[in-house]
Every structure is written in C-alpha cells, then in structure tokens.
Amino acid sequence: MARILLGVSGGIAAYKALELVRLATAAGHSVRAVQTPTAQRFVGAASFAALTGAAVLVDEFEHDPARGAFPGQAPPGHDPIGHLELVRNADAYLVAPASANTLAKLAHGLADNLLTSAALAARCPLVVAPAMNDAMWDGPATRANVETLRARGVTVLEPGTGRLASEGEWGAGRLPEPAELLGAVEAVLCGPAAQGPERHLLGLHVLVTAGGTREPIDAVRYVGNRSSGRMGLALAAAAADRGSTVTCVAANVALERDPRVTYVDVQTAAQLHEACAAAFAAADVLLMAAAVADFRPAEPVPGKVKKAGRAALTVDMEPTVDVLGALAARRRPGQTLVGFAAEHGDGAVGRAREKREQKGVDAVVVNDVSRPGIGFDAAANEVTVVTADGERHVARADKAAVAEAVLEEVVRLRGTPVSPAAGGADATGGVGGVGGAP
Ligand code: CTP
C-alpha cells in the first residue's frame, strides 16, 4: 500500500478530496494532507486531520508533530524541513483539486506555499486534478500550463464535464469523482500506466460498445450477427489498463467480464442507442466496436410464428438508427470518436475512408471479414486504422494487441505523442505504419 500526499487547493471541489481520503485510507493507503490557505475557506483542516489521522499542514513554518512521517511510519529522530520530508516520504503526490492559480504556479515552478514548494521538491510521481470553471479551463493560459506540466511528465487529469459550481453552468471543469482520483493515483503507482506515455489516458472516460445486436422477429427468434464482443472487451480492458474509467455497452456478450469496467447489457440496436446516448456526454473517447443491426423487423410478432400453413415467410425490415452517426452529430470539442467497419473484400480501406467522413468520426478501424481467421468470433484480428491524416495497418495479432494499437492511435489523435517504447511495432507483434500515421 502506498503513502499518498494530498495537496488541496482552493475550490468548491475541495469537499470531494475528503471522500478521496476516506476511500484511500479504506483501501489501505496512508495519506497526509496539505492545504493552501484558500482551501481552508472551503473545507477545514479538522476534517482532513480526522480522516487521515495526521496533522494537516498549511504553512511551511508550521511545526509538524509527525515530523514529515505518514501514519504508520516512525518519525525521524530530528526535526526535518516540512515540505521536503513530506514529499520524500510520499510514493505519489496528488494535487486535488488544483485550482487554475495552483496549476499556474506548478507550471511555472513557484513555491509560495507549502503545497507548491512540496511539489517543486517532489521526486515521486505528481498527479494533478484540475477543477475550475469551464471558461478558465479553456483559457489559453490554462491550456499552456497544462501542456507544460504534461510535457514534464506530470499526470494532469482531464476534468469531468457536467454541472459546474455557478448556478446554471455546464461544461468541462469538474473534479473527477473520488474513486477516479484514487484509480488514477493507483495506476500511476503500480498499473501499466506507470510505465510511461500510456498515462495519457489516465482519468479519461472511455465508452466502448461490444458484441452484436439482436432484433426480434418474434418472441423466440431474432436477426443477429456473428460478433462475439471479443474486440470490444479487449478495447475496454486496454483502456482500463491505461487508467481510464470505462463503460462498456455490451450487446449479447457472453464472455468473462473485467471487474474494472462498468457494463450496461443491451440486446437491440434501440437499447444500445439509448445506453450510448445516456453515457456519451460524459465520455472523452467513444470506441464503437459493436456490430449494430442496420435493419430490424418492422413488426416483431409478440408470440411465436408458426410454420403450419405457410409456404414461405417474409419479414419486413425497417432501418435502425445509425447510433455512431447520431452521436457524432452531437459531439462536443474534446471528444475522440472511433468507428469500426467490417468490410468484405477488395477496397475495404477506401470504403472505410468514405465512412469516416460520412459519419464525422476521427478514425475508422476496418477489417476485411472475407479473410479467414480474423474478425468475427475469432481470437485474432488484422485491421487498418483510417484517420484524416493517413492509415495505419495493424498486422495480424491477438485482439488484445490490436486493442493496444487502436488506443495508441487514440492517444495520438488526442494530441499526445506516443513514444516507440509505449508499444508500436514491438509491443503488438507487427504493427506497422502505412501512409501518414506514425
Ligand atoms: N453503427 C451504428 N449504428 C448502426 C450501424 C452501425 O452505430 N445502426 C456503427 C458500428 O458500431 C460501427 C460503424 O457504425 O462502428 C459501422 O458503420 P456502418 O456504416 O454501419 O458499417 P456497416 O454496418 O458495415 O455498413 P454497411 O453494411 O453499409 O457497409
């Protein structure tokens, strides 16, 4: 279990940091908290002290009764310099909430209070969870500060989108929920996300669809497809590995579930549409891997259709909603949308290129289902990821490796370069760049 130093700066979201402490200590971590003076106007030190079981420091010249030790740790024999000792003992330093002001100070290396001077001295991983009004979050100075910190290897979480503190305001700027904050810290400490640039999906919400829809003909029969859900579940697991919060809308998937993923089970295209519509606004990334019916029986029969007296059976079909197209039509800035296309035979990549533009998505992952051993219900896949600036061919590999390659493209599309060490050709056993994409 880890020693987590929590820096709380001034913002209404400071109340969520209390719940984070409760979750972290319940999970066995030991936590010390430092606050900025402004943070104390929102939540008092007594609450953090009670939940952490240790004194809360605000001022660098304050005496720390624990002499920089964390709960469960023996204090040193001398009286060390507070801000240095706290970060020396910490396995990770989480600043949550990070106000726009504190974010700016961290980016510029200011050390005008205990929180910022401890950050400057931190050799442990630094995780920063900004929370502010959306206008401040979108402001050019804040954007530049975030970029500066990320370029330095600091993990800056994406704030959530939703209701903001000011009456009637809605937008990006909410502090991620306490469980997500803890997940992000744990991922930095010990998950695959600790290994490097994959960290850039930390704290994001990823919505994945998996499986194949079934459209009822009558009470017992349906029109379906051969999708097993393997690719979608591999994508969900790969996103969770990278520290994302993952929701998977699963259409008729009978495979083992990943405990880190929240599943919404559906059967029909209409149910899948409803589930995706509900989760889409909060999603930063949509990976639309489900095989969704394009048509459904127009009038499903309530009972069972009997064969007696029939020479043939005709089922009238009507179109379903193009879920991906409908979601893309109401996408907001900052969302990354990836569609999937099962194409048959020559010209698959060209059709995927057209599909990407028609649907208004950032990428289409296409596979040629005419080739044996890949795609539907197979363990392996071989795909081409088509984006606006080129194509990337992913050679035949198991679906987990293909999922990794797709997520690398997502990271790239979101504007953060992935170094070769993060995966690429070596990690996926044969992912090669073709066309414009690295
Ligand atoms: N899709 C969707 N809603 C539908 C049908 C498909 O959201 N009703 C999504 C799939 O999940 C996939 C992408 O759209 O991400 C596939 O695009 P689409 O043009 O529908 O592909 P096909 O169904 O393969 O189309 P066609 O059969 O016409 O080639």
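# Exercises on a predicted model

Right after helix 1 comes G28, a residue with a positive phi near 100 degrees. Keep in mind that you're looking at a predicted model. Let's work through some exercises.

## Exercise 1: Helix 1 and its partner

Task: Work out how helix 1 is built and how helix 1 and helix 3 lie relative to each other.

Solution.

Step 1. Start with the span. Helix 1 has 13 residues, and from its first C-alpha to its last it reaches 19 Å, close to the 18 Å expected at 1.5 Å a residue.

Step 2. Look for the buried residues. In helix 1 these are A14, K16, A17, L18, L20, V21 and A24.

Step 3. Now bring in helix 3, residues 45-52. Its axis and that of helix 1 (residues 14-26) come within 9 Å, crossing at roughly 10 degrees. Angles under 35 degrees count as roughly parallel, so helix 1 and helix 3 are roughly parallel to each other.

Step 4. Pick out who makes the contact. Helix 1 brings A14, A17, L18, V21, R22 and T25, while helix 3 brings S47, F48, L51 and T52. Sorted by class, the contact has 6 nonpolar, 3 polar and 1 charged.

## Exercise 2: Helix 5 against helix 8

Task: Are helix 5 and helix 8 parallel or oblique to each other? Find out, then list the residues where helix 5 and helix 8 touch.

Solution.

Step 1. Get the geometry. Helix 5 covers residues 100-108 and helix 8 covers residues 140-151; their axes come within 9 Å and cross at roughly 45 degrees.

Step 2. Classify the angle. The roughly parallel class stops at 35 degrees and the roughly perpendicular one starts at 65, so helix 5 and helix 8 are oblique to each other. As for handedness, helix 5 passes helix 8 in a left-handed crossing.

Step 3. List the contact. On the helix 5 side you'll find A100, L103, A104, L106, A107 and H108, and on the helix 8 side T142, N145, V146, T148 and L149. That contact has 7 nonpolar and 4 polar residues, with no charged ones.

Step 4. Widen the view. The buried residues of helix 5 are A100, T102, L103, K105, L106 and A107. They pack against strand 3, helix 6 (114-121), strand 4 (126-130), helix 7 (134-138) and helix 8.

Step 5. Check what comes next: just after helix 5, G109 has a positive phi of about 75 degrees.

## Exercise 3: Backbone oddities

Task: Look at P97, R67 and N252, and say what their backbones do.

Solution.

Step 1. Recall the usual picture. Most peptide bonds are trans, and most residues that aren't glycine have a negative phi.

Step 2. Take P97, which sits in strand 3 (residues 92-98). The peptide bond leading from A96 to P97 is cis, with omega near -5 degrees.

Step 3. Take R67. It's in the loop between helix 3 and helix 4 (82-89), and its phi is positive, near 50 degrees, though R67 is no glycine. With a relative accessible area of 27%, R67 is partly exposed.

Step 4. Take N252. Its place is the loop between strand 11 (245-251) and strand 12 (262-266), and N252, also not a glycine, has a positive phi of about 55 degrees.

## Exercise 4: Three buried residues

Task: Is each of G212, V383 and K399 buried or exposed, and which residues does each one touch?

Solution.

Step 1. Set the cut-off: buried means under 20% relative accessible area.

Step 2. Try G212, in the loop between strand 8 (205-211) and strand 9 (215-216). At 6% relative accessibility, G212 is buried. Beyond its neighbours within four places in sequence, G212 is in contact with N225, S227, A251, N252 and A291. Its C-alpha is also 5.9 Å from that of V292, although the two are 80 residues apart in sequence.

Step 3. Try V383, in strand 18 (residues 380-387). V383 has a relative accessible area of 2%, so it's buried. Not counting residues up to four places away in sequence, V383 touches V365, V366, N367, R392, H393, V394 and V402. The C-alpha atoms of V383 and A342 are separated by 9.6 Å, with their positions 41 residues apart along the chain.

Step 4. Try K399, in helix 14 (residues 399-413). K399 is buried too, with a relative accessible area of 6%. Leaving aside neighbours within four places in sequence, K399 contacts R230, M231, A234, G375, D377, A378, A379, A380 and N381.

Note on methods:
Residues are numbered from 1 along each chain as its sequence is written. This is a predicted model: local features need pLDDT of at least 70, side-chain atom pairs count only at pLDDT 80 or more; totals for chains, interfaces and linings use all residues. Side-chain values use heavy atoms; hydrogens and water are left out. Helices (H or I, at least four residues) and strands (E, at least two) are DSSP runs, numbered from the N terminus. Buried means under 20% relative accessible area, exposed over 50%, partly exposed in between (1.4 Å probe, protein chains only). Contact means heavy atoms within 4.5 Å. Axes are lines fitted to C-alpha atoms, for helices over the stretch in contact, and angles run from 0 to 180 degrees between N-to-C directions. Angles under 35 degrees count as roughly parallel, over 145 as roughly antiparallel, 65 to 115 as roughly perpendicular and the rest as oblique. A crossing is left-handed if the near helix is turned anticlockwise from the far one by less than a right angle, and right-handed if clockwise. Ala, Val, Leu, Ile, Met, Phe, Trp, Tyr, Cys and Pro count as nonpolar, Asp, Glu, Lys and Arg as charged, and the others, Gly among them, as polar. The expected span of a helix is 1.5 Å times one less than its number of residues.
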